[in-house]
Amino acid sequence: MDYIKDLQAILKARKGVYNLNCPMVICLVLGLICSVFLPGLANFLGIAAGIVFYRRVLGIARLPSPRCGKSFGTKSNFVLGVGPEYCMHCGLGLYS
Ligand SMILES: [Zn+2]
């Protein structure tokens, strides 16, 4: 199939969605330090880490479908996950 390489890239991105990246680690470490010295600031750093995580999930859900070019995992601007195992627009399966 022509889409194998692109589908594998989507699968690889989805498998890494829960890995910590540098901005999240910085926010969490600073939040941990601030929880001792500046407890009020720790909440904002936790929220910042959550925003960084949500932006990653949104980016992965919006990866373009190799067949139709539209976002693979979502039709909406508000996502709760990376999407199903098929394209939300054309139905192309991740494992096809
Ligand atoms: Zn599609």
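This section describes the fold of the protein chain, two of its helices and selected residues, as they appear in a predicted model.

The secondary structure of the protein chain consists of three helices and zero strands. Read from the N terminus, the order of elements is α-α-α. The radius of gyration of the protein chain is 17 Å, well over the 12 Å given by the globule rule for 96 residues, and the chain is therefore more spread out than a compact globule. Along the principal axes, the C-alpha trace spans about 55 × 25 × 15 Å. Burial was assessed over the 96 residues of the protein chain, of which 17% count as buried. Of the contacts between residues at least 6 apart in sequence, 35% join residues that are at least 24 apart.

Helix α1 comprises twelve residues, for which a rise of 1.5 Å a residue predicts a span of 16 Å; the end C-alpha atoms are 16 Å apart, in agreement with that value. The buried residues of α1 are L7, I10 and R14. Viewed down the axis of α1, these buried residues fall within an arc of 55°, so they line one face of the helix. An α-helix has 3.6 residues a turn, so residues three or four places apart point the same way. The face of α1 turned away from the buried side carries the exposed residues I4, K5, Q8, A9, K12 and K15. The cover over the buried residues of α1 includes α3.

Within helix α1, residue I10 was examined individually. I10 counts as buried because 22 C-beta neighbours lie inside 10 Å, where the cut-off for burial is 20 or more. When residues up to four places away in sequence are left out, I10 touches L63, F72 and L94. The C-alpha atoms of I10 and I47, which are 37 residues apart along the chain, are separated by 27 Å.

Helix α3 (39-61) contains 23 residues and reaches 34 Å from its first C-alpha to its last, close to the 33 Å expected at 1.5 Å a residue. Residues L45, A49, I60 and A61 of α3 are buried. Among the elements that cover the buried residues of α3 are α1 (4-15) and α2 (22-37). Thus α3 contributes to the cover of α1, and α1 in turn contributes to the cover of α3.

Two residues of α3 were considered in detail. The first, I60, lies in helix α3 and counts as buried because it has 21 C-beta neighbours inside 10 Å. Not counting residues up to four places away in sequence, I60 touches A13, R14, V17, G73 and V82. One of these partners, R14, is itself among the buried residues of α1. I60 and A42 are 18 residues apart in sequence, and their C-alpha atoms are 28 Å apart in space.

The second, I47, also has its place in helix α3. In this case the residue is exposed, because 12 other C-beta atoms lie within 10 Å and the cut-off for exposure is 12 or fewer. The C-alpha atoms of I47 and P23 are separated by 12 Å, with these positions 24 residues apart along the chain counted as their sequence separation.

Beyond the helices, one further residue was examined. G93 lies in the segment after α3. G93 is exposed, because 11 other C-beta atoms lie within 10 Å of its own. Leaving aside residues up to four places away in sequence, G93 touches E85 and Y86. The C-alpha atoms of G93 and S65, 28 residues apart along the chain, are separated by 10.0 Å.

Note on methods: Residues are numbered from 1 along each chain as its sequence is written. This is a predicted model: local features need pLDDT of at least 70, side-chain atom pairs count only at pLDDT 80 or more; totals for chains, interfaces and linings use all residues. Helices (H or I, at least four residues) and strands (E, at least two) are DSSP runs, numbered from the N terminus. Two residues are in contact if their C-beta atoms, placed from the backbone, lie within 7 Å. The expected span of a helix is 1.5 Å times one less than its number of residues. The radius of gyration is taken over C-alpha atoms; the globule rule is 2.2 Å times the number of residues to the power 0.38. The arc is that of the directions from the helix axis to the C-beta atoms.
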